[in-house]
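This report looks at pockets, a surface patch and some backbone features. The sequence and the structure come first.

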Amino acid sequence: MTTQSEVRTMTTKTQTQTQATVPPRQRAVERKPYRVKLGSWWWALPALVLMLIVIYATTVAGGFFAFTNWSGLGPFDFVGLANFVKIFQTPELIGSLWNTLLLAFGFLIFTNVFGLLFALALNRSLKSRYVLRTLLFMPVVVSPIAVSYIWKFIFDYNGPLNQAMTAVGLPKQNWLADPGLAIWCILVVMVWQNIGFVMVIYLAGLATVPIEMEEAAALDGASPFKRFRFVVLPQIQPSVAIATTLTLIQGLRVFDQVVALTNGGPAGATQTLALEVYQQAFTYQQFGFGAALALILSLLILLFSIAQQYATRDRSLKEA
């Protein structure tokens, strides 16, 4: 009968033989922890320097000039909070803020709703889903300016949309000249172009949902809505967070569509904060005032993004 000391001796011999069969160089590689040498990061230095100059340095400089009356050239004086007081005392700028919020949250809601619906429809069963996905994603790769000019032709008083309306007996509309309709036309263009992008994000999330879970819920008698609410939606929570964050940020800084379609008109009905920043800084030569507007816009994007991330974070993190 083998004693305990003999077992320990045999185990030690076995480990020694196993180590002997492994080459010394391989053992050294296994024992050596992996460390990234600073010298191997030299190739990233140009990109890091460029990012520091283009993004962070300019952001800090813009924040500095927000407290001045600089015109973009020549000397300047510090004016403290005068630029910010002027912003909240100007009704036109308050209107630009409301237009920005309307476009941002309308874009957030409609783009995500339609993007998710298309993702659910083109997820698995439809045979032509790959062709339809391509067609829906095609507007994303086109420049927003080009898309806006195409839609401007569609919204023209004598354009295809009004011609189609007169063909069915409806009156023509001044889509881009009517203050009540122009901002909704901009929202339609924004949503139409970005549905495909959001759809792809949700398709990536739906691909991670096990089909067995949906089939089990169906066998238990769950309706399609309940399967989506209690099975699919919790699984695609990260995709919801990503899609809503990106659309919210893009909606708050909308610029291209407004410039191409209405340029802020009619009568300031579609003026946004991003367009105000451009006009104040480069058209009216009030760089300090434009920098103050840009700072407010940046703070709005930051605050809404943090709030949105908190609202859409993982349920497990909420319980923790």
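The text below goes through the pockets, then the patch, then the backbone. The model is a predicted one.

**Pockets**

The largest pocket holds about 360 Å³ of space. Its lining consists of 15 residues, and those closest to the centre are Leu 120, Arg 124, Glu 214, Arg 227 and Val 232. Three helices, α5 (91–121), α10 (211–219) and α11 (224–235), each supply at least two residues of this lining.

The second largest pocket has about 290 Å³ of space. Thr 58, Thr 59, Gly 62, Ala 294 and Ser 298 lie nearest its centre, out of 14 lining residues. At least two residues of the lining come from each of α3 (45–65), α14 (273–283) and α15 (287–311). The most is given by α15, with 6 residues.

The linings of the two pockets divide by residue class as follows.

| Pocket | Nonpolar | Polar | Charged |
|---|---|---|---|
| Largest pocket | 9 residues | 2 residues | 4 residues |
| Second largest pocket | 8 residues | 6 residues | no residues |

Charged residues are thus part of the lining of the largest pocket, whereas the lining of the second largest pocket has none.

**Surface patch**

Helix α3, which supplies at least two residues to the lining of the second largest pocket, also contains Val 49. Val 49 belongs to a nonpolar patch on the surface, together with Leu 45, Leu 48, Leu 50, Met 51, Leu 52, Ile 53, Val 54, Ile 55 and Tyr 56. The accessible area of these residues together is about 920 Å². Val 49 has a relative accessible area of 38%, so it is partly exposed. A residue needs over 30% relative accessible area to be part of a patch, and Val 49 meets this with its 38%.

**Backbone**

The peptide bond from Gly 265 to Pro 266 is cis, and its omega is near -5 degrees. Pro 266 sits in the loop between α13 (256–261) and α14. Ala 267 is found in the loop between α13 and α14 as well. Though not a glycine, Ala 267 has a positive phi of about 55 degrees. Its relative accessible area is 87%, and Ala 267 is therefore exposed.

A positive phi also occurs at Gln 285, with a value of about 60 degrees, although this residue is not a glycine. Gln 285 lies in the loop between α14 and α15. Is Gln 285 buried, partly exposed or exposed? Its relative accessibility is 42%, so Gln 285 counts as partly exposed.

Definitions and conventions. Residues numbered from 1 in each chain as written. Predicted model: local features only at pLDDT ≥ 70, side-chain atom pairs only at ≥ 80, totals over all residues. Heavy atoms only, no water. 1 Å grid on protein atoms, 1.4 Å probe; cavity = no way out; pocket = protein on both sides within 12 Å on 5 of 7 lines; lining within 4 Å. Points joined across faces, edges and corners; volume = space filled by probe spheres on them. Helix = DSSP H or I, 4+ residues; strand = E, 2+ residues; numbered from the N terminus. Nonpolar A, V, L, I, M, F, W, Y, C, P; charged D, E, K, R; others polar. Patch = residues over 30% accessible without salt bridge, like charges linked within 9 Å, V, L, I, M, F, W, Y side chains within 5 Å. Areas by Shrake-Rupley, 256 points an atom, 1.4 Å probe, with all protein chains shown as cover. Salt bridge = Lys/Arg side-chain N within 4 Å of Asp/Glu carboxyl O. Buried < 20%, exposed > 50% of the residue type's maximum accessible area, 1.4 Å probe, protein only.
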